[in-house]
Amino acid sequence: MEEPIKPEISARIRLLEQKFKNSGQDLGSYLDGLLHDRYLTYWDYIHLDTLLSLQVPLTHFPDEMIFITYHQITELNFKLVIHEMKQLIDDKLQTAAFFTEKLNRINRYFRVLIESFDIMIKGMDKQQFLKFRMSLLPASGFQSAQFRMIEIYATPLYNLTNEKERQLFDHNHTIEELYEHLYWKQGATDLSTGEKTLTLKQFEYRYTPRLIRIAKEVEHSSLYHKYLGLPEKEQKNSELIKALRTFDVNININWLLMHMGAAYRYLDKGDKEIKATGGTNWKKFLPPSFQKISFFPNLWSEEEKENWGEKWVKELLQTHHN
């Protein structure tokens with residue numbers, strides 16, 4: 001004799017019937033699907049075998065596995081950052097609480113990356129790195145499109161222009177005009193000839209249309225705009241301001257300094273430096289005090305902006321030379 005269906009199960013079945021009826025679907029067909037479906041496993045859910053097959057070093061040096069895996073982990077974290085930023089951009093609630101919650105998540109992702117960067121700075125054999133890196137030319141972390149997307153989602157393009165030209169640009173310039181003067185382009189351009197490196201040419205060919213499209217989509221709705229669009233009382237929320245400033249520092253100072261630390265360990269030879277794989281002049285491109293990029297310049301004093309990152313850079317150089 002079959003056991004009677006429990007009342008709580010019957011209630012759920014009725015709810016499912018109503019759900020599928022409202023969508024014009026047949027509950028019985030979905031139940032048949034459940035009968036034939038196999039149980040979900042952890043490895044299938046996260047596509048573990050595929051994920052672990054994506055680390056394909058180009059050389060036989062063991063530490064290249066560390067290099068490629070850490071960069072993939074970084075890009076996955078960037079994906080999570082963009083996931084949170086898009087929710088803020090789409091937000092209609094206009095509350096400091098929601099804004100702060102999402103920023104805290106973003107800052108947590110970057111904190112994990114920043115605190116784990118010792119994997120890159122201290123976790124590889126220097127001689128192995130200097131050899132296997134030659135197989136990576138002209139590829140460079142400079143070509144991380146997701147990082148450029150994070151910048152575009154965060155602030156108007158005129159805040160991302162070359163520091164020496166920034167006062168010339170504002171919201172009256174077109175996206176295309178501003179895009180040609182973004183700060184990172186100078187980092188992969190021969191300043192004496194104006195010639196772009198192959199690294200930059202490849203990147204622009206692959207991603208320029210996409211980056212310009214994104215910039216147009218958020219031309220009036222970047223995180224900078226979303227913050228300024230909050231009610232005045234919400235804008236003054238101390239926790240929100242703290243989260244915004246932390247986000248600014250994490251990306252535009254701390255993240256760059258981690259890369260500088262790695263560059264000094266592997267590429268610095270005193271007066272004779274080794275060029276980065278993408279041909280960027282890292283000593284002039286990486287220091288935050290040279291670029292002075294801030295997503296939310298209205299949240300910093302003139303003194304803070306003038307001395308942007310200098311304190312952190314001096315501490316890094318002192319640590320390196322000691």
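Begin by selecting Q55 in this predicted model: the residue has a relative accessibility of 16%, and because buried means under 20%, Q55 counts as buried. To place Q55 along the chain, show the helices as ribbons and look in the loop between α4 (48–52) and α5.

Next, display the side chain of Q55 together with the backbone of L51, where a polar atom of that side chain lies 3.2 Å from the backbone oxygen of L51. Then add Q72, whose side chain makes a polar contact with the side chain of Q55 at 2.5 Å. Leaving aside residues up to four places away in sequence, the residues that Q55 touches are M65, I68, T69 and Q72.

From there, select helix α5 (residues 64–90) and helix α9 (residues 145–154), and turn the view until both axes can be followed. Two packed helices are described by the angle between their axes and by the distance between those axes. Here α5 and α9 pack at an angle of about 20 degrees, with their axes 10 Å apart, which means that α5 is roughly parallel to α9. The crossing in which α5 passes α9 is left-handed.

Finally, show the side chains where these two helices meet: on α5, select E75, F78, K79, V81, I82, M85, K86 and I89, and on α9, select Q146, F147, M149, I150, Y153 and A154, which the α5 residues meet. If you colour this contact of α5 with α9 by residue class, you will find 10 nonpolar, 1 polar and 3 charged residues.

Definitions and conventions
Residues are numbered from 1 along each chain as its sequence is written. This is a predicted model: local features need pLDDT of at least 70, side-chain atom pairs count only at pLDDT 80 or more; totals for chains, interfaces and linings use all residues. Side-chain values use heavy atoms; hydrogens and water are left out. Axes are lines fitted to C-alpha atoms, for helices over the stretch in contact, and angles run from 0 to 180 degrees between N-to-C directions. Helices (H or I, at least four residues) and strands (E, at least two) are DSSP runs, numbered from the N terminus. Angles under 35 degrees count as roughly parallel, over 145 as roughly antiparallel, 65 to 115 as roughly perpendicular and the rest as oblique. A crossing is left-handed if the near helix is turned anticlockwise from the far one by less than a right angle, and right-handed if clockwise. Contact means heavy atoms within 4.5 Å. Ala, Val, Leu, Ile, Met, Phe, Trp, Tyr, Cys and Pro count as nonpolar, Asp, Glu, Lys and Arg as charged, and the others, Gly among them, as polar. Buried means under 20% relative accessible area, exposed over 50%, partly exposed in between (1.4 Å probe, protein chains only). A polar contact is a pair of N or O atoms within 3.5 Å; within protein, one must be able to donate a hydrogen and the other to accept it, and residues adjacent in sequence count only if both atoms are side-chain atoms.
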